[in-house]
Amino acid sequence: MAVSREDLVTLLNEDLSREYQAIIAYVVYSQVLKGAEYMSIAKELETHASEELQHAITISKHIDYLGGMPNATPKPVKLSDDAKTMLRADLANEFETIRQYRERLKQCEALEEYAIAEDIREILRQEQEHLTDLATALGEDPPDVSKGAKAKK
Ligand SMILES: [Fe+2]
Ligand SMILES: [Fe+2]
C-alpha cells in the first residue's frame with residue numbers, strides 16, 4: 001500500500017509504541033523468569049531489552065527527521081508469573097513487529113527514504129533473531145514471518 005510521508009510518521013509512531021512495549025516486557029520478564037531451564041533465555045532477554053532501546057531511539061530519530069513528534073505511549077504489556085506465558089507473549093509481539101517492519105521497509109522504499117529503509121532493515125534483522133531466540137526457548141520452530149497470519153498464542 002502506498003503511503004504519504006504523514007502516514008509514514010503515524011506508522012512509525014505505532015512502531016515506536018511496539019518498541020516501548022518490547023523494552024518494558026524484556027526488562028520485566030528477564031528478571032521474573034524463574035527455573036533452571038530458563039536461566040540462559042533470561043540473560044538473553046536482558047540483551048533484547050537494550051537492543052529494543054536502540055530501536056526506539058532510531059525510530060524516534062526518523063520520526064523527528066520527518067517532522068513528526070515521537071509519541072510516549074507503549075502498547076500494553078502482558079504480566080504473568082508463568083514462564084511459557086511470558087515467552088509466548090514476547091513471541092507474538094515480535095511476530096507482529098516483524099510483520100509491520102516488513103511493510104514499513106517497502107513503504108520507505110516507495111517514498112525513496114532509503115536511509116530509513118536501511119535502518120529498518122537492520123532492526124528487522126535483530127527482531128528476527130529475537131523471534132528465533134524465543135521460539136528456541138519454547139522448543140519450537142520460529143513461525144513463518146512471510147505469512148500474514150498472527151502467531152499462535
Ligand atoms: Fe525492536
Ligand atoms: Fe525484538
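This section describes an iron site, two buried helix residues and the nonpolar core of a predicted model.

The iron ion (ligand 1) is held by protein donors at 1.9 to 2.5 Å, supplied by Glu-19 (OE, listed twice), Glu-52 (OE), His-55 (ND1) and Glu-127 (OE). Along the chain, these donors follow the spacing E-x32-E-x2-H-x71-E. A second iron ion (ligand 2) lies 4.0 Å from the iron ion (ligand 1), and Glu-52 bridges the two. Glu-19 belongs to helix 1 (residues 5-32) and Glu-52 to helix 2 (residues 39-65), so the pair ties together parts that are 33 residues apart in sequence. Both of these glutamates fall below the 20% limit for burial: the relative accessible area of Glu-19 is 1%, and that of Glu-52 is 0%.

Helix 1 also contains Val-9, which is buried at a relative accessible area of 13%. Beyond its neighbours within four places in sequence, Val-9 is in contact with Ile-63, Leu-66 and Gly-68. Tyr-38, by contrast, is 29 residues from Val-9 in sequence, and the C-alpha atoms of the two residues are 38 Å apart in space.

In helix 3 (residues 83-110) lies Arg-104, a buried residue with a relative accessible area of 1%. The Arg-104 side chain makes polar contacts with two glutamine side chains, that of Gln-100 at 2.8 Å and that of Gln-107 at 2.9 Å. When residues up to four places away in sequence are not counted, Arg-104 touches Leu-8, Leu-11, Leu-12, Asp-15, Arg-18 and Ile-120.

The largest nonpolar core comprises 39 residues, of which Leu-12, Leu-33, Leu-45, Ile-59, Leu-87 and Ile-120 touch the most other members. At least two residues of this core come from each of helix 1, helix 2, helix 3 and helix 4 (114-137). Helix 3 provides the largest share, with 10 residues. In soluble globular proteins, nonpolar side chains tend to be buried together. With residues up to four places away in sequence left out, Leu-12 touches Ile-59, His-62, Ile-63, Leu-66, Arg-104 and Ile-120. Two of these partners, Ile-59 and Ile-120, are themselves listed with Leu-12 among the core residues that touch the most other members. Leu-12 and Ile-120 also appear among the residues touched by Arg-104, while Ile-63 and Leu-66 are likewise in contact with Val-9.

Technical notes:
Residues are numbered from 1 along each chain as its sequence is written. Chains are lettered from A and ligands numbered from 1 in the order in which they are written. This is a predicted model: local features need pLDDT of at least 70, side-chain atom pairs count only at pLDDT 80 or more; totals for chains, interfaces and linings use all residues. Side-chain values use heavy atoms; hydrogens and water are left out. Donors are N, O and S atoms within 2.8 Å of the metal (3.2 Å for Na, K and Ca); water is not among the atoms, so sites may look incomplete. Helices (H or I, at least four residues) and strands (E, at least two) are DSSP runs, numbered from the N terminus. Buried means under 20% relative accessible area, exposed over 50%, partly exposed in between (1.4 Å probe, protein chains only). Contact means heavy atoms within 4.5 Å. A polar contact is a pair of N or O atoms within 3.5 Å; within protein, one must be able to donate a hydrogen and the other to accept it, and residues adjacent in sequence count only if both atoms are side-chain atoms. A nonpolar core is a set of buried Ala, Val, Leu, Ile, Met, Phe, Trp, Tyr and Cys residues joined through side-chain atoms within 4.5 Å.
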